[in-house]
Amino acid sequence: MNLVKSILIAMLILMVSSVEAKPLKTNKVYMFGFSASFKDSVVYVTEIQNVQEAWIDTKTKFLLGRDQYSAQLKNYLTDKLNQPGRVSMVLFELNKKKAEKLYLKLMKKYQKGYDVRYVNNKDFSFEAIDMSPDDK
């Protein structure tokens, strides 16, 4: 009987772990971009932006399309500010207060020893990435 129970439990665990997370479109994702270079001490930081219709992984609570959002910032810095070769990333939160706290923590770290340059929302804003699943 113990062998049967063990097999049933193992099968149940396999079934639960094989369930894929589904993307969830949300109306409130607060994100900002950060970009640095290995060649200088200049870092670029965008303002916190509320990106409408961003997608979140329901299992990990992680922003989908992060690489594409980072590419948007990298392309802006390369094309508009003539700053090629920068490493860009996006930080995000679903809660505005948490996003502000994360932003302040990052600023506190980089304002000492780095030339922080702010990117205004009028100059650059993230565009939502459509991560809806293909139902083909």
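Select Y69, Y76, F124 and F126: these residues form one aromatic cluster. The model is a predicted one, and the structure holds seven aromatic pairs.

Stay in the cluster and keep only Y69 and F126 on display. The two make an aromatic pair of the edge-to-face kind, with 6.1 Å from centre to centre and 80° between the planes. Now colour by secondary structure. Y69 sits in helix α2, residues 66-79, while F126 belongs to the segment after β7 (115-119), so this pair ties together parts that are 57 residues apart in sequence.

Next, switch on the surface for these two residues. Y69 has 0% relative accessibility and therefore counts as buried, the cut-off being under 20%. F126, at 7% relative accessibility, counts as buried as well.

Leave the cluster and select F32 and Y103. Their ring centres are 4.9 Å apart and the planes stand at 85°, so this pair is edge-to-face. Zoom out until the backbone around both residues is visible. F32 lies in strand β2 (residues 29-36) and Y103 in helix α3 (residues 96-110); the pair therefore ties together a strand and a helix, parts that are 71 residues apart in sequence.

Is F32 buried or exposed? With a relative accessibility of 1%, F32 counts as buried. Turn to its partner: Y103 has a relative accessible area of 14% and is buried.

To finish, show both pairs at once. Y69 with F126 is edge-to-face, and F32 with Y103 is edge-to-face.

Technical notes. Residues numbered from 1 in each chain as written. Predicted model: local features only at pLDDT ≥ 70, side-chain atom pairs only at ≥ 80, totals over all residues. Heavy atoms only, no water. Phe/Tyr/Trp six-rings, centres within 6.5 Å; stacked < 30°, edge-to-face > 60°. Helix = DSSP H or I, 4+ residues; strand = E, 2+ residues; numbered from the N terminus. Buried < 20%, exposed > 50% of the residue type's maximum accessible area, 1.4 Å probe, protein only.
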